[in-house]
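Grab your viewer and work through the exercises below. Try each task on your own before you read the solution.

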Amino acid sequence: MAVRAPATNLRALIHEPRADGPMRGGNLPPPLQDRYGGDLAVQLRGDRPTIAVNFVSTLDGVVSYGTPEATGGGEISGFFEPDRFVMGLLRSLSDAVLIGAGTLRAGAGEAWTPQFIHPDSAAEYGALRASLRLAANPTTVVVTGSGEIDLDRPGLADPEVPVLIVTSDHAAPRLHDVRSHVAVVTAGTDAVEPLALVARLAERGFGLVLCEGGPHLFGELLAAALVDELFLTIAPQIAGRGKDSSRLALVEGVGFDVEGAKWGTLIGLRQAAHHLFVRYRF
Ligand SMILES: NC(=O)c1ccc[n+]([C@@H]2O[C@H](COP(=O)([O-])OP(=O)(O)OC[C@H]3O[C@@H](n4cnc5c(N)ncnc54)[C@H](OP(=O)(O)O)[C@@H]3O)[C@@H](O)[C@H]2O)c1
C-alpha cells in the first residue's frame, strides 16, 4: 500500500514568481532549499491574514479513506517523506495551523508543529522560524461547533504549543478547565462564521495561517472567498468512492455551480518520484 520513500529532494518544474510586496519566507537556508528544490515565499495581505491551504489527495481527489485504520493524509500520500517535509516547511513559515475538529479527532497522536511531521528537519525548521522572528511553535487553531474537544489529547496538551479554540457562543461554555496555553474565543452564535474566524486570527496578529483542513472547513473558507493559496500534493494512486463510501473528497459540504466555481492560477509545480506538488493562487 504505502510508498514509504527515502528522503528525496523535490525538483521544481515551474518556479514560483517572487512575491511582490510583503512576504513570509524568501531565500531558504541551504539544507531546506536543497530539499524543497528552490526558495519559498508566501505573499502577505494587508487587509487580513493570508490563508494558505495544504492537502494531499489521490489522483481522483480522495483525501481520506474514512476508516478507523486509514483516516488521515498519511495513507493518501503513502506516508511519502517529501510530502511530510513540505508540510513541515509550510508549518514552519506560518503563525498558526488551522484545522477543524474533525481533523483533530481523526489525528490520534498528531501535533500540528513542523517538527512533529518531519522530525529529521526539526533543527532547520527551528532555525528558519528564529530567523523570521516567529514564535517557537505555530499556534494550533481548532474550529469547533460542538465544543467536544479533548484538551488533554496529544497535540493540544503541550504547554510549548499555543492553542486557540474558535467556537460558537452556544458551545463556548462546554470548553472549561483550559490550561494557560489554551485560549477560547467565539466567532458566531450557533456556528463559527468564516469572516469572524478570520477576524479572530487577525486580532492575534497572525500574518500567515496554514489551513490543514479538513474538507468541510476548506469548503467553508472557499465559499467565503478566504483562500489565498492551495498547496496540493497529488499522490499517484486512485482510491475510488463506492456508493456508500465514507471517503472524503477535497471539498465537502459545499458545491459551486458552473458560474461560481473557484478557478486558480498555477504558480508552482514540483515533483518527487511520482508525486506532484502543485501550488495555486486563488
Ligand atoms: N488528506 C489530507 O490532506 C487531509 C487534510 C485534512 C484532513 N484530512 C482528513 O479529513 C477528515 C476530516 O474531515 P472533516 O471535513 O470532517 O474535517 P474538518 O473540516 O477538519 O472538521 C469538521 C468539523 O470542524 C468543525 N467546523 C468546521 N466548520 C465549522 C463552522 N463553520 N462552525 C463550527 N464548527 C465548524 C465542526 O466540528 P464539531 O463537530 O466540533 O462541531 C465540524 O464537524 C479526517 O479523516 C482527516 O484526517 C485529510
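**Exercise 1. One helix, two sides**

Task: Find out which elements the buried residues of α6 pack against, and which residues of α6 are buried.

Solution. Start with the packing: the buried residues of α6 touch α1 (30-36), α3 (81-93) and α5 (114-117), where contact means heavy atoms within 4.5 Å. Helices here are DSSP runs of H or I with at least four residues, strands are runs of E with at least two, and both are numbered from the N terminus.

Next, pick out the residues. Within α6 (residues 122-131), the buried ones are Y125, L128 and R129. Buried is under 20% relative accessible area, exposed is over 50%, and partly exposed is in between (1.4 Å probe, protein chains only). Look down the axis of α6: its buried residues fall within an arc of 100 degrees, so they line one face of the helix. That arc is taken from the directions from the helix axis to the C-beta atoms. A123, A130 and S131 sit on the other side of α6 and are exposed.

Last, step just past the end of α6, where R133 has a positive phi of about 55 degrees.

Before you go on, two notes on the model. It is predicted, so local features need pLDDT of at least 70 and side-chain atom pairs count only at pLDDT 80 or more, while totals for chains, interfaces and linings use all residues. Residues are numbered from 1 along each chain as its sequence is written, and side-chain values use heavy atoms, with hydrogens and water left out.

**Exercise 2. Salt bridges across the chain**

Task: How many salt bridges does a search of the whole structure find? Then say where R270 and E16 lie, and do the like for R91 and E212 and for R179 and D152.

Solution. First, the total: the search turns up 14 salt bridges. The criterion is a side-chain nitrogen of Lys or Arg within 4 Å of a carboxyl oxygen of Asp or Glu.

Now take R270 and E16, whose side chains meet at 2.9 Å, N to O. R270 is in strand β13 (residues 265-272) and E16 is in the loop between β1 (11-14) and β2 (23-26), so to speak distant parts of the chain, 254 residues apart. Check the burial: R270 is buried at 2% relative accessible area, and E16 is buried at 17%.

Then R91 and E212, a salt bridge at 2.7 Å, N to O. This pair links helix α3, home of R91, to the loop between β10 (208-211) and α8 (215-223), which holds E212, 121 residues apart. R91 is buried at 0% relative accessibility, and E212 is buried at 10%.

Finally, R179 and D152, with their closest N and O atoms 2.2 Å apart. R179 lies in the loop between β8 (163-167) and β9 (182-186) and D152 in the loop between β7 (139-143) and β8, so the bridge ties together parts that are 27 residues apart in sequence. R179 is partly exposed at 35% relative accessibility, whereas D152 is exposed at 52%.

One extra: salt bridges with shared partners join E16, E229, R270, R279 and R281 into one network.

**Exercise 3. Walking the sheet**

Task: Write down the strand order of the open sheet, then work out which strands stand at its edges.

Solution. Read across the 10 strands: β1-β13-β14-β11-β4-β10-β6-β7-β8-β9, with mixed pairing. Two strands pair if DSSP finds at least two bridges between them. β1 and β9 are the edge strands, each with a single partner, so one side of each has no neighbour in the sheet.

Now zoom in on β10. Strand β4 (residues 50-58) runs parallel to β10 and is joined to it by 4 bridges, with T50 opposite L208. Strand β6 (residues 96-100) also runs parallel to β10, over 3 bridges, and A96 faces V209. As for the side chains of β10, L208 and L210 point one way, V209 and C211 the other, and all are buried.

To finish, β8 and β9 pair in the parallel sense over 5 bridges, with I165 opposite V184 in β9.

**Exercise 4. A buried threonine**

Task: Which residues is T113 in contact with, leaving aside its neighbours within four places in sequence?

Solution. Locate T113 in the loop between α4 (101-106) and α5. T113 is buried, at 4% relative accessible area. Its contacts are R91, N137 and V161.
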